[in-house]
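Please walk through the model shown below, beginning with one residue and widening the view from there to the whole chain.

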Amino acid sequence: MATELGHTPAQVALAWTLNAPGVAAPIIGARTIAQLEDNLGALQVDLTPSQLARLDEVSAIDLGNPHGLLASDHIRTVTPGDMKIETRR
């Protein structure tokens, strides 16, 4: 996607992070002025909703067990009371 947009991978990654709900400010790990300047280029990257969805999809992590079991419909059905088990995005 970085090539498609004409930006560096770091710029696209930081722009994607800037669009993530709950992220106030991504952490820039620049060691040099050149890296800092490149990272700041993320502010010039405009990602469409479709591109954000693609990035979300390719970066999704399967949380495995026990998360998969606890988030299953069966466990949600048999969990007593008002206890809620929320899935992670």
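**From one asparagine to the whole chain**

Asn39 counts as buried, because its relative accessibility is 11% and buried means under 20% relative accessible area, with exposed set at over 50% and partly exposed in between (1.4 Å probe, protein chains only). This is a predicted model, in which local features need pLDDT of at least 70 and side-chain atom pairs count only at pLDDT 80 or more, whereas totals for chains, interfaces and linings use all residues. Residues are numbered from 1 along each chain as its sequence is written, and side-chain values use heavy atoms, with hydrogens and water left out.

Asn39 belongs to helix H3, which spans residues 33–40; helices (H or I, at least four residues) and strands (E, at least two) are DSSP runs, numbered from the N terminus. When its neighbours within four places in sequence are left aside, Asn39 is in contact with Ala10, Leu14, Ile28, Gly29 and Ala30, where contact means heavy atoms within 4.5 Å.

One of those partners, Leu14, leads on to helix H2, whose buried residues are Gln11, Val12, Leu14 and Ala15. Seen down the axis of H2, these buried residues fall within an arc of 165°, so they line one face of the helix; the arc is that of the directions from the helix axis to the C-beta atoms. The cover over the buried residues of H2 includes H1, H3 and H4.

Helix H2 also holds Trp16, which is partly exposed because its relative accessible area is 26%. Apart from its neighbours within four places in sequence, Trp16 is in contact with Leu47, Leu52, Leu55, Asp56 and Ser59. For one of these partners, Leu55, the separation from Trp16 is 39 residues in sequence and 7.5 Å in space, taken from C-alpha to C-alpha.

Leu55 is in turn one of the buried residues of helix H4 (residues 49–59), together with Gln51 and Leu52. Seen down the axis of H4, the buried residues fall within an arc of 100°, so they too line one face of their helix. Helix H1 (2–5) and helix H2 (9–18) are among what covers them, while the face of H4 turned away from the buried side carries the exposed residues Pro49 and Glu57.

Beyond H4, the loop that leads to helix H5 (67–70) contains Pro66. The peptide bond that joins Asn65 and Pro66 is cis, with omega at about 5°. As background, most peptide bonds are trans.

Taken as a whole, the protein chain has six helices and zero strands. Its radius of gyration, taken over C-alpha atoms, is 18 Å, whereas a compact globule of 89 residues would have a value near 12 Å by the rule of 2.2 Å times the number of residues to the power 0.38. Along the principal axes, the C-alpha atoms fill a box of roughly 55 × 25 × 20 Å, and 18% of the 89 residues count as buried. Among contacts between residues at least 6 apart in sequence, 55% join residues at least 24 apart.

The protein chain exposes about 6,900 Å², of which carbon and sulfur atoms supply 58%; accessible areas come from the Shrake-Rupley method with a 1.4 Å probe.
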